[in-house]
Amino acid sequence: MAKKLNVTPLHDRVIIKPAASEEKTAGGIIIPDTAKEKPQRGTVVAVGAGKKDEPVTVKVGDTVLYGKYAGTEIQIEGQDLLIMRESDILAIV
């Protein structure tokens, strides 16, 4: 895992590092960049404190599944990351 981020998300937001997209199909065909799908799996790297009556259920290091178009793409310290609400996360793997 990478070093700790100097950014703390607010309230019920989490920062996720997306998993690498597939380079080849199961049959060995190389997928070009234009045809690659956005990953829907990633690792939580930072978590906010939660809302007043709703604590955050995910923690740093969890692998999660999220919606295809969930979150906002950001770049922090040279890393491509996503910031999203906890409610956009579908499952903890």
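This report describes the strands, the nonpolar cores and the salt bridges of one protein chain, in a predicted model.

**Overall layout**

The protein chain has 93 residues, and 27% of them are buried. Its secondary structure consists of 6 strands and 0 helices. Read from the N terminus, the order of elements is therefore β-β-β-β-β-β, as the helix count is 0 and a strand is a run of at least two E residues in DSSP. The accessible surface of the chain is about 6,500 Å², and carbon and sulfur atoms account for 52% of that area. Contacts across the sequence can also be described by separation. Of the contacts between residues at least 6 apart in sequence, 63% join residues that are at least 24 apart.

**How the strands pair**

Strand β5 covers residues 79-85, and two pairings involve this strand. Strand β1 and strand β5 run antiparallel and are joined by 4 bridges. Within this pairing, R13 has R85 of β5 as its bridge partner. Strand β4, residues 72-76, also runs antiparallel to β5, with 5 bridges between the two. In β5, the residue opposite I74 is L81. β4 and β5 form a hairpin, with 2 residues between the strands. E77 lies in the turn of this hairpin and has a positive phi of about 50°.

**The nonpolar cores**

The largest nonpolar core holds 11 residues: V14, I16, V44, V56, V58, V64, Y66, A70, L82, M84 and I89. Strands β1, β3 and β5 each contribute at least two residues to this core. There is also a second, separate core of 5 residues, with I15, V45, A46 and I76 among them.

V14 serves as an example from the largest core. This residue is in strand β1. Is V14 buried or exposed? V14 counts as buried because its relative accessible area is 0% and the cut-off is under 20%. Leaving out residues up to four places away in sequence, V14 touches P9, A46, V47, V56, V58, L82, I83, M84 and I89. The C-alpha atoms of V14 and G71 are 9.4 Å apart in space, while the two residues are 57 residues apart in sequence.

**D12 and its partners**

D12 is in the segment before β1, a strand that spans residues 13-18. D12 is buried, with a relative accessible area of 9%. Apart from neighbours within four places in sequence, D12 is in contact with G50, K51, V56, M84, R85 and E86.

Which residues are linked with D12 in a network of salt bridges? The network consists of D12, K51 and R85. In the bridge between D12 and K51, the closest N and O atoms are 4.0 Å apart. This pair links distant parts of the chain, since K51 is in the loop between β2 (41-47) and β3 (63-66) and is 39 residues from D12. K51 is partly exposed, with a relative accessible area of 41%.

In the bridge between D12 and R85, the closest N and O atoms are 3.1 Å apart. This pair also links distant parts of the chain: R85 is in strand β5, 73 residues from D12. R85 is partly exposed, with a relative accessible area of 33%. The side chains of D12 and R85 also make a polar contact, at 3.1 Å.

**The salt bridges in a table**

The model has 3 salt bridges, listed below with the N to O distance.

| Acidic residue | Basic residue | N to O distance |
|---|---|---|
| D12 | K51 | 4.0 Å |
| D12 | R85 | 3.1 Å |
| D62 | K59 | 3.5 Å |

The bridge between D62 and K59 joins their side chains. Which of these two residues is buried, and which is exposed? D62 is buried because its relative accessible area of 11% is under 20%. K59 is exposed because its relative accessible area of 54% is over 50%.

How values were computed:
Residues numbered from 1 in each chain as written. Predicted model: local features only at pLDDT ≥ 70, side-chain atom pairs only at ≥ 80, totals over all residues. Heavy atoms only, no water. Buried < 20%, exposed > 50% of the residue type's maximum accessible area, 1.4 Å probe, protein only. Polar contact = N/O pair within 3.5 Å; in protein donor to acceptor, adjacent residues only side chain to side chain. Contact = heavy atoms within 4.5 Å. Areas by Shrake-Rupley, 256 points an atom, 1.4 Å probe, with all protein chains shown as cover. Core = buried A, V, L, I, M, F, W, Y, C linked by side-chain atoms within 4.5 Å. Pairing = 2+ DSSP bridges.
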